[in-house]
Structure formats: C-alpha cells, structure tokens
Amino acid sequence: MSEFKDIVKMISENEGDKIVASSASKQGETNSPLQTPLKNPENCPQFNNQSNLIDTNQQSLPPFNIELFVEEIWKKSDNKNRLYNRLTQNISGYDIAHNCIANVVFKILQTPVESFASKWLPVLMRGTIGSAIHDFIQNTTDQFTELEPSIKVPSIRFSGRIDALIGHNILAEIKSCTYADYQKIIKNQRPRNEDFYQTMTYKYILENYLNEAKTANVKRRTQPPKLDYYKIDTLQFIYVAHDLLASDVEDFGEMLSRIKHIKKILNSKSNTFFFMTTLTINLTDELSKPYIDFIDEKIKRINWYVNNNKLPTKDDPFVNKKCFFCLYDKVCHIKKDL
Ligand code: SF4
C-alpha cells in the first residue's frame, strides 16, 4: 500500500508534459515524438488514463478484495437469473436434457423465490469461458453452413438455439467441459448423456416443427433455420476441455498427469489442440426413437401442467430430484416430502 501511495504522490507532483519529456530523455531517442513536451497533454489518451488514475487514487480506495468480489458475483448471478426467469416462459433444450420437470414448471409459472443466485457461483465464470470458446470456434471456421439458428416454437413453448448446422443433415454442438469429463469422453468415445438429449431435442424440433420455427411471429436474436427440410442423421459434438484448475483437481501434480494421460489416449504428443476433440454419431431411426419419445413426452407433460396450472407430483417420471442446485428447493412441495 505504501509503494502505491508513493506512485500516486510522484504522479500528482508532476505535470503531464514533464513526465512525458523526462521519460523520453532517459530513452535517448532523438526522433521519438515523446521527446517533444506535449503542449496539450489532455489530448493524449495515455495521459487521460493517467489523469483518471490520479483522481481515483486520491480517494485512497481499498485494493481488490476477493471476498467482496464473491458478493458481487452473488448479486450479479441473482440479478441475471431473476431477469432470465422473468423474461423466460419457455422450455429450453437444457430443460429437456438436464432439469427436473417440476423446476421447468416452476420457472414457466413464474414461481417467486427468495434468491435467484446460482448455488455454485463459479458457474458464472465457467459460462463466460464457455461462451468465449463458442465464439472462438464459430468465428474462426467456415465449415458450418448455419450458425446459431434460432428455433422458437410458441405452440409448445419451446425456445432454443443450435450451435451450428452443416447442410441439411449434420447438427453440431460445441461443449466446454472439465478435464475430468473430457478424459471420460475421449476414453469411452461417448458424449455426456445430457449433451446427447439436448442435441436430440434440436433434431426433434427441426424435423417436427420446422415450419413454425421458421415462420412464427416472435422476436429472435438470430435467424431461423435457412433450409426447408432437415433430416439429421449425424450429430457432432465438439468438446473443449476448459479448466485445469477446477475443484475436481486436487493439485498441480494431478493436473499434469491428467494432461499427460489425455495426450496418451489421443496418441497426440505434438497436437497443441489436445484439449479439443470431436465425436461424430451416426443416427438411425431405431437408435433415435427412445430419445425422441422421451423428448416428446417431456415437452407434452410440461405443457399439460402449465396449461392446467398444476405442479408435477413426486411420482412424475421426469422429476429427477437434483435438488442441490435447484433454485426452487425452498418452495418445492416434492423436496419437502423427501
Ligand atoms: S427441488 Fe428437487 S424435486 Fe423440487 S423442482 Fe427442484 S430438483 Fe425438482
């Protein structure tokens, strides 16, 4: 803190032009524009930044504090989820793949809860990393024919966006994951269960509700699907391992041996993108049927509960009791019975 104060003092005791001139003369660069004292230092963006720094520092503000930051994340998470819940009265692909049916019905019925903050706050940072990975891949490649097509189907309250499509038959999803999950995925050559359900939900919508998804009179942030026909026979998962230092790694030693192991499985010592892999799954109608039936039934049941203003009962097959992360655990009648 004392060093910091000294810097503040040093800056405030010198006028902008003197600071600039002295730093130039130390460099001894006769042609440097820095050697000419600035007549109007306030026109120099660099100087303006310093000027702001001086003003702020003079208030003797405290340094960055992690505990305070966690409180800030909590507030941000609460606001973000509250807003999302207020604006969202739809079923998402994530709801079909991950969420307990009671959670989805609570959300669509706008059930109030005390706090909307996520139960596990690092999820917010992970989400940001995940979005950056999506953007990086989507903005770099020309291999996709459609990016982020919006699939909104008001008649069944569905709203989603597909990461990418290639032609009329390949549906691609980009998934960022922990190294622990990544290791399992490349070892077993199987996508995570929920990822599979989510992509199958998009296939189901494209093949059963395309006309409505293209023509519905709704606000969309991205374009609806371009083609008049899709028959998705190939799912492609693009997995990217994003964090080495997640809570599922105990120490650096474990982390390094995990990476070594991953490189070995991939047989790619020199592959600098060893943290990225693809899984391609060819679908037949027979393979797809049980998943499509599950999705169809879950969407129908959610809509039935909402249309009849009823809550699911504990014996509903789509109640999955992942209560720890659920925002509705304090108000949920099923949780109370557990
Ligand atoms: S608290 Fe549990 S049972 Fe209730 S909605 Fe949430 S996950 Fe489902």
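A residue counts as buried here if 20 or more other C-beta atoms lie within 10 Å of its own. Keep that cut-off in mind as we start with N99: this residue has 23 C-beta neighbours inside 10 Å, so N99 counts as buried. Everything described here comes from a predicted model.

Where does N99 sit? You will find N99 in the loop between α5 and α6. Setting aside its neighbours within four places in sequence, N99 is in contact with Y94 and V104. The chain also brings a remote stretch to this spot: N99 and K322 are 223 residues apart in sequence, yet 7.9 Å separates them in space, C-alpha to C-alpha.

Let's step back to the whole chain for a moment. The protein chain has 338 residues, and 21% of them count as buried. Its secondary structure consists of 13 helices and seven strands. The pairing of N99 with K322 spans 223 residues, and long spans turn up in the chain's contacts as well: among contacts between residues at least 6 apart in sequence, 73% join residues at least 24 apart.

Now follow the chain from N99 into helix α6, which covers residues 101-108. This helix is mostly covered, with seven of its eight residues buried. The buried ones are I101, A102, N103, V104, V105, F106 and K107. What lies over them? The cover includes α4 (66-87), α5 (93-97), α12 and α13.

Just after α6 comes Q110, in the loop that leads to α7 (122-140). Its surroundings contrast with those of the buried helix: Q110 has 10 C-beta neighbours inside 10 Å, so this residue counts as exposed. Its backbone deserves a look too. Most residues other than glycine have a negative phi. Q110, however, has a positive phi, near 60°. A second such residue is N309, whose phi is near 50°. N309 belongs to the loop between α12 (285-307) and α13, and with 8 C-beta neighbours inside 10 Å it counts as exposed.

Helix α6 also brings us to the ligand. A shell of 13 residues surrounds the ligand, and the closest are C100, A102, C323, C326 and C332. Two helices, α6 and α13 (333-337), each supply at least two residues of this shell. What is the shell made of? Its residues divide into eight nonpolar, one polar and four charged.

Helix α13 is also the place of K335. With 16 C-beta neighbours inside 10 Å, K335 counts as partly exposed. Beyond its neighbours within four places in sequence, K335 is in contact with C323 and D329, and C323 is among the residues closest to the ligand. K335 and K321 are 14 residues apart along the chain, and their C-alpha atoms are separated by 7.6 Å.

Helix α12, part of the cover over α6, has another partner to meet. Helix α9 (residues 193-208) packs against α12 at an angle of about 80°, with the axes 10 Å apart. That makes α9 roughly perpendicular to α12. On the α9 side, the meeting residues are Y197, M200, T201 and Y204, and on the α12 side they are S288, Y291, I292, I295 and D296. By class, this contact has six nonpolar, two polar and one charged residues.

The strands complete our tour. Strand β2 (residues 150-153) and strand β3 (residues 158-161) pair in the antiparallel sense over four bridges. One of the pairs to look for is K152 with its bridge partner S159 in β3. The two strands form a hairpin with four residues between them, where R157 takes a positive phi near 60°.

A little further along, strand β4 (residues 164-166) runs antiparallel to β5, and three bridges join the two. Here the bridge partner of A164 is A172 in β5. These strands also form a hairpin, with three residues between them, and G167 in the turn has a positive phi of about 65°. Is strand β5 enclosed or open? Seven of the nine residues of β5 (residues 170-178) are buried, so this strand is largely enclosed by the rest of the structure.

Technical notes:
Residues numbered from 1 in each chain as written. Predicted model: local features only at pLDDT ≥ 70, side-chain atom pairs only at ≥ 80, totals over all residues. Near = placed C-beta within 6 Å. Nonpolar A, V, L, I, M, F, W, Y, C, P; charged D, E, K, R; others polar. Buried ≥ 20, exposed ≤ 12 C-beta atoms within 10 Å, placed from the backbone. Axes fitted to C-alpha atoms, helices over the stretch in contact; angles between N-to-C directions. Parallel < 35°, antiparallel > 145°, perpendicular 65-115°, else oblique. Contact = placed C-beta atoms within 7 Å. Pairing = 2+ DSSP bridges.
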